[in-house]
Amino acid sequence: MGILSVIVAAAAAWIFGAVWYMALSKPWLEASGIECDDNGKPKNGGSPMPFILSAIAMLIVAGMMRHLFMMSGIATLGAGIVSGLGIGAFFIAPWIMINNAYGMRPFKLTAIDSGYAIFGCAIIGAVLVLI
């Protein structure tokens with residue numbers, strides 16, 4: 001596992017996120033409270049900054065997961081997936097829930113965002129042990 005595995009894992013999770021949020025765009029927009037124009041596109045959208053920041057965030061997550069995997073000896077596909085699921089479900093998803101709860105956001109938003117964190121980390125975990 002090296003820098004290439006981190007980059008590929010981050011890219012895989014980022015692409016999965018694009019598919020996840022495209023599939024769930026309507027319920028996510030509704031739950032997040034983002035106003036849309038007549039075409040269903042978010043108002044004041046169009047900035048590339050969220051995409052850039054999310055790509056950087058995926059690199060950070062994949063890099064830290066690589067470090068944890070190396071320190072823990074996680075080297076098989078099953079262990080990578082289960083460890084990724086655990087990181088997403090027991091570290092990231094609860095934090096999303098806390099932030100959304102204090103922000104009085106709908107639980108649907110927590111479920112959608114947490115689902116991405118859980119499955120995205122599983123993808124990162126799988127890629128890290130395969131490359």
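A nonpolar surface patch is built from residues with over 30% relative accessible area and no salt bridge, with nonpolar side chains joined within 5 Å. In this predicted model, one such patch comprises Ile3, Leu4, Ile7, Val8, Leu59, Leu77, Ile81, Leu130 and Ile131, and together these residues have about 800 Å² of accessible area. The interior holds a nonpolar core, the largest one having 18 residues. A search of the whole structure finds 2 salt bridges.

**Nonpolar surface patch**

- Helix α1 makes the greatest contribution to the patch, giving 4 residues.
- The elements that supply two or more patch residues are α1 and α4, the latter covering residues 77-102.
- Leu59, a patch member, is located in helix α3.
- The relative accessible area of Leu59 is 39%, above the 30% required of patch residues and below the 50% that marks an exposed residue, so Leu59 is classed as partly exposed.

**Largest nonpolar core**

- Within this core, the residues that touch the most other members are Ala9, Met58, Ala62, Met65, Phe69, Ile124 and Leu128.
- At least two core residues come from each of α1 (3-23), α3 (49-72) and α5 (107-130).
- Helix α5 provides the largest share of the core, with 7 residues.
- Setting aside residues up to four places away in sequence, Met58 touches Ala10, Ala13, Trp14, Tyr116 and Ile124.
- As a general background, nonpolar side chains tend to be buried together in soluble globular proteins.

**Helix α3**

- Helix α3 has 24 residues, which at 1.5 Å a residue should span 34 Å; the C-alpha atoms at its ends are 34 Å apart, so the expected and modelled spans agree.
- The buried residues of α3 are Met58, Ala62, Met65 and Phe69.
- These buried residues pack against α1, α4 and α5.
- In an α-helix there are 3.6 residues a turn, so residues three or four places apart point the same way.
- Gly73, just after α3, adopts a positive phi of about 75°.

**Salt bridges**

- Glu30 pairs with Lys108 in a salt bridge whose closest N and O atoms are 2.8 Å apart.
- Glu30 belongs to helix α2 (residues 25-32) and Lys108 to helix α5, so this pair ties together parts that are 78 residues apart in sequence.
- Glu30 is exposed, with a relative accessible area of 57%, whereas Lys108 is partly exposed at 36%.
- A salt bridge also links Glu35 and Lys43, with the closest N and O atoms 3.8 Å apart.
- Glu35 is exposed, at 56% relative accessible area, while Lys43 counts as partly exposed, at 43% relative accessibility.
- In general, side chains of opposite charge can pair when their charged atoms come close.

**Loop between α4 and α5**

- Met104 is situated in the loop that joins α4 and α5.
- Although Met104 is not a glycine, its phi is positive, at about 55°.
- The relative accessible area of Met104 is 73%, which is over the 50% cut-off, so this residue is classed as exposed.

Note on methods. Residues are numbered from 1 along each chain as its sequence is written. This is a predicted model: local features need pLDDT of at least 70, side-chain atom pairs count only at pLDDT 80 or more; totals for chains, interfaces and linings use all residues. Side-chain values use heavy atoms; hydrogens and water are left out. A nonpolar core is a set of buried Ala, Val, Leu, Ile, Met, Phe, Trp, Tyr and Cys residues joined through side-chain atoms within 4.5 Å. Buried means under 20% relative accessible area, exposed over 50%, partly exposed in between (1.4 Å probe, protein chains only). Contact means heavy atoms within 4.5 Å. Patches are made of residues with over 30% relative accessible area and no salt bridge: like charges are joined within 9 Å, nonpolar side chains (Val, Leu, Ile, Met, Phe, Trp, Tyr) within 5 Å. Accessible areas come from the Shrake-Rupley method with a 1.4 Å probe; for residues, only the protein chains shown count as cover. A salt bridge is a side-chain nitrogen of Lys or Arg within 4 Å of a carboxyl oxygen of Asp or Glu. The expected span of a helix is 1.5 Å times one less than its number of residues.
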